[in-house]
Amino acid sequence: MMWITRSIRRSLMLPHSHAASYSTALTSVAAVEAERSIREGPRNDWSRPEIKSIYDSPVLDLLFHAAQVHRHAHNFREVQQCTLLSIKTGGCSEDCSYCPQSSRYNTGLKAQKLMNSDAVLEAAKKAKEAGSTRFCMGAAWRDTIGRKTNFNQILEYVKEIRGMGMEVCCTLGMLEKQQALELKKAGLTAYNHNLDTSREYYPNIITTRTYDERLQTLEHVREAGINVCSGGIIGLGEAEEDRVGLLHTLATLPTHPESVPINALLAVKGTPLEDQKPVEIWEMIRMIATARIIMPKAMVRLSAGRVRFSIPEQALCFLAGANSIFTGEKLLTTPNNDYDADQYMFKLLGLIPKAPDFSQNSGKDFESENIEVAASSSG
Ligand code: SF4
């Protein structure tokens, strides 16, 4: 644990009022950086030791100060409800060690073709009726190259669902620049592509694509003017240093992701990680609170693994700065929280569903004719 001494306070050049308030008690790095975050807003020049020191702060102090950043940057009562639908399940060529959809592991999951339009739109309609404002479509592919028919079909789904007044997100694997532009033109709000873990630990989890390829996809998404959704998974057997490494990569991107999902591994039988022990709630709280302090404006999403947490445990995650959840029976192929239980939790905790936000994908951009999209996708 790292504590702030007088000399560190001086080196951080805290204003007099803050320095005075620290004169009677020692405080944590989380407290200092949270104050700075509130005062100066987001920054992209974080060092890894700085993030590590926030992460290592006494957990209740970390939680308290993350809550303050959260209240400063967001309406603390608002939680976005997103629905994630697997529109193309299983049979994936990649070897992500946590994933039941990889064709390399024997998880009993049957590969399916791309869902048809009626089924996808019906699911989106139901999600909207149930209060979701963002509809995410996931396909178990390495990338969309060579899948022109399917890709064009997905562009149609994006247009239709955006036309229903929902934010639309896709996670289809690696994306080329051209495809990102086409998705943008169709009205896509956000693209999800997780970094999963630190650069150092990544080769223990996936060998079929590199960390840099992942970052390249994020760059294409950003350049196309689509919001970036990128986070990771804890409980893969990584060290705390790797969790810090993941957060460091995200927080030092030229622009922070608009959305940062924090997943807790749900170990699936048949995958190489089937015997991993479940993560503790305090590990989630450390991740969420650190993410909130270092990326104050991002939506921090309490994602996979939420099903294992009680309402009081989830309440601590919301307090720490999580402001988005996935609702619906399943998260791709793994179980998720019951719909009625989530409604009850919202009522109990005084949470309100967040309205859709199209501000970063304004109507003008959405309709823009200026986006250069070549006649066909590269797939
Ligand atoms: S996480 Fe995605 S890319 Fe990796 S195996 Fe699963 S579906 Fe394929």
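UniProt positions are given in the numbering used here, and annotations may be inferred rather than shown by experiment. The model in these exercises is predicted.

**Exercise 1.** Find where UniProt places the feature "binding site", and locate Cys92 and Cys96 in the fold.

Step 1. The unreviewed UniProt entry puts this feature at Cys92, Cys96 and Cys99.
Step 2. Cys92 sits in the loop that runs between β1 (78-88) and α6 (117-129).
Step 3. Cys96 lies in the loop between β1 and α6.

**Exercise 2.** Decide whether Cys92 is buried or exposed, then do the same for Cys96.

Step 1. The cut-off for a buried residue is 20 or more other C-beta atoms within 10 Å of its own.
Step 2. Cys92 has 23 C-beta neighbours inside 10 Å, so Cys92 counts as buried.
Step 3. Cys96 has 24 such neighbours inside 10 Å and therefore counts as buried.
Step 4. Leaving out residues up to four places away in sequence, Cys92 touches Gln101, Ser102, Ser103, Ala140, Trp141 and Arg142.
Step 5. With neighbours within four places set aside, Cys96 is in contact with Ser102, Ile205 and Ile206.

**Exercise 3.** List the residues around the ligand and sort them by class.

Step 1. Around the ligand are Cys92, Glu94, Cys96, Cys99, Gln101, Ser102, Ala140 and Gly173.
Step 2. Sorted by class, this shell has four nonpolar, three polar and one charged residues.

**Exercise 4.** State which elements have the lowest and highest mean pLDDT.

Step 1. The protein averages a pLDDT of 86, and 85% of the residues score at least 70.
Step 2. Helix α15 (residues 363-367) has the lowest mean, 37, and helix α11 (residues 240-251) the highest, 98.
Step 3. Over residues 361-379 the pLDDT is below 50.

Notes. Residues are numbered from 1 along each chain as its sequence is written. This is a predicted model: local features need pLDDT of at least 70, side-chain atom pairs count only at pLDDT 80 or more; totals for chains, interfaces and linings use all residues. Helices (H or I, at least four residues) and strands (E, at least two) are DSSP runs, numbered from the N terminus. A residue is buried if 20 or more other C-beta atoms lie within 10 Å of its own, exposed if 12 or fewer, and partly exposed in between; C-beta atoms are placed from the backbone. Two residues are in contact if their C-beta atoms, placed from the backbone, lie within 7 Å. A residue is near a molecule or strand if its C-beta atom, placed from the backbone, lies within 6 Å of it. Ala, Val, Leu, Ile, Met, Phe, Trp, Tyr, Cys and Pro count as nonpolar, Asp, Glu, Lys and Arg as charged, and the others, Gly among them, as polar. pLDDT is the predictor's confidence in each residue, from 0 to 100.
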